[in-house]
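Work through the exercises below with the sequence and the coordinates open. Each task is followed by a solution in steps.

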Amino acid sequence: MIENLLDYNREALIVAVRGLSEDQARLRLVASLTTPISLIKHAAGAERIWFHRFWAGLDESECDGYSRRDEGTFAVANDESLADVIAEFERASQSSREIAARFDLDDTKDNPREGTVSMRWTLLAIIQEFARHAGHADILREQIDRPIALHNPC
């Protein structure tokens, strides 16, 4: 059930951005670095941070993409297409599934920020994060698809 809910939220993120043009995917509609494409890029980074680096113990140089816990997870290069970033997220997610399968839900590891965490905690934390970001993506998509014309009373 936990894995299915995580996959549901992974797919919800992708569905929210699929079909956008390259320009639409990069629209900055809020003050933060959040754009439709950067949400997907960030999610791929979260997969690598938690599953690849933390649980599998891979070094940053062994990861297939950015894997530091900072705003760099939102950075999308100019030459990366939306399809490229979605494919990157799907690859990272598949690797994360394989890594998570090596552990029991109650297996634990010490994390410098959160203390001792279990695989169950990690899966639930990622579900929560991806659900929030899917909501962000839904709102951005709504703004892109149906922009609100501001009423000027003058």
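**Exercise 1. A pair of rings between helices**

Task: For F89 and F130 in this predicted model, decide whether each is buried or exposed, then classify their ring pair.

Solution.
Step 1. F89 is buried, and F130 is buried as well.
Step 2. The ring centres of F89 and F130 are 5.7 Å apart, and the planes make an angle of 80 degrees. Planes over 60 degrees apart count as edge-to-face, and the pair is therefore edge-to-face.
Step 3. F89 belongs to helix α4 (residues 82–100) and F130 to helix α5 (residues 119–145), so the pair ties together parts that are 41 residues apart in sequence.

**Exercise 2. The ring cluster**

Task: How many aromatic pairs are there, and which residues do ring pairs link into a cluster?

Solution.
Step 1. The count is 5 aromatic pairs. One of them joins F54 and W55, edge-to-face, at 5.4 Å centre to centre with 85 degrees between the planes.
Step 2. F54 and W55 are both buried.
Step 3. The cluster linked by ring pairs consists of W50, F54, W55, F103 and W121.
Step 4. F54 also has a charged neighbour: K109 lies over the face of its ring, 5.0 Å from the ring centre.

**Exercise 3. The nonpolar core**

Task: Which residues touch the most other members of the largest nonpolar core, and which helix gives the largest share?

Solution.
Step 1. This core has 36 residues, and those touching the most other members are L13, F51, F89 and F130.
Step 2. Two or more residues each come from α1 (2–17), α3 (36–55), α4 and α5. The largest share is that of α3, with 11 residues.
Step 3. For F51, list the contacts beyond four places in sequence: L6, R10, A46, A56, S96, I99, A100, M119, T122, L123 and I126.
Step 4. As background, nonpolar side chains in soluble globular proteins tend to be buried together.

**Exercise 4. The largest pocket**

Task: What is the volume of the largest pocket, and which lining residues are closest to its centre?

Solution.
Step 1. The space in the largest pocket is about 250 Å³.
Step 2. Its lining has 14 residues, of which H42, I49, W50, R69 and E129 are the closest to the centre.
Step 3. At least two lining residues come from α3, and at least two from α5.

**Exercise 5. Three single residues**

Task: Assign A25, L29 and E142 to the classes buried, partly exposed or exposed, and locate each in the chain.

Solution.
Step 1. A25 is in helix α2 (residues 22–25). Its relative accessibility is 0%, so A25 is buried. Beyond four places in sequence, A25 touches L20, T35, P36, I37 and L82.
Step 2. L29 sits in the loop between α2 and α3. Its relative accessible area of 34% makes L29 partly exposed. Outside the four-place window, L29 touches L140, Q143 and I144.
Step 3. E142 is in helix α5. With a relative accessible area of 46%, E142 is partly exposed.
Step 4. Now set sequence separation beside C-alpha distance. E142 and G19 are 123 residues apart in sequence and 13 Å apart in space. A25 and M119 are 94 residues apart in sequence, with 32 Å between their C-alpha atoms. For L29 and I99, 70 residues apart along the chain, the C-alpha separation is 35 Å.

How values were computed
Residues numbered from 1 in each chain as written. Heavy atoms only, no water. Phe/Tyr/Trp six-rings, centres within 6.5 Å; stacked < 30°, edge-to-face > 60°. Buried < 20%, exposed > 50% of the residue type's maximum accessible area, 1.4 Å probe, protein only. Helix = DSSP H or I, 4+ residues; strand = E, 2+ residues; numbered from the N terminus. Lys NZ or Arg CZ within 6 Å of the ring centre and 35° of its normal. Core = buried A, V, L, I, M, F, W, Y, C linked by side-chain atoms within 4.5 Å. Contact = heavy atoms within 4.5 Å. 1 Å grid on protein atoms, 1.4 Å probe; cavity = no way out; pocket = protein on both sides within 12 Å on 5 of 7 lines; lining within 4 Å. Points joined across faces, edges and corners; volume = space filled by probe spheres on them.
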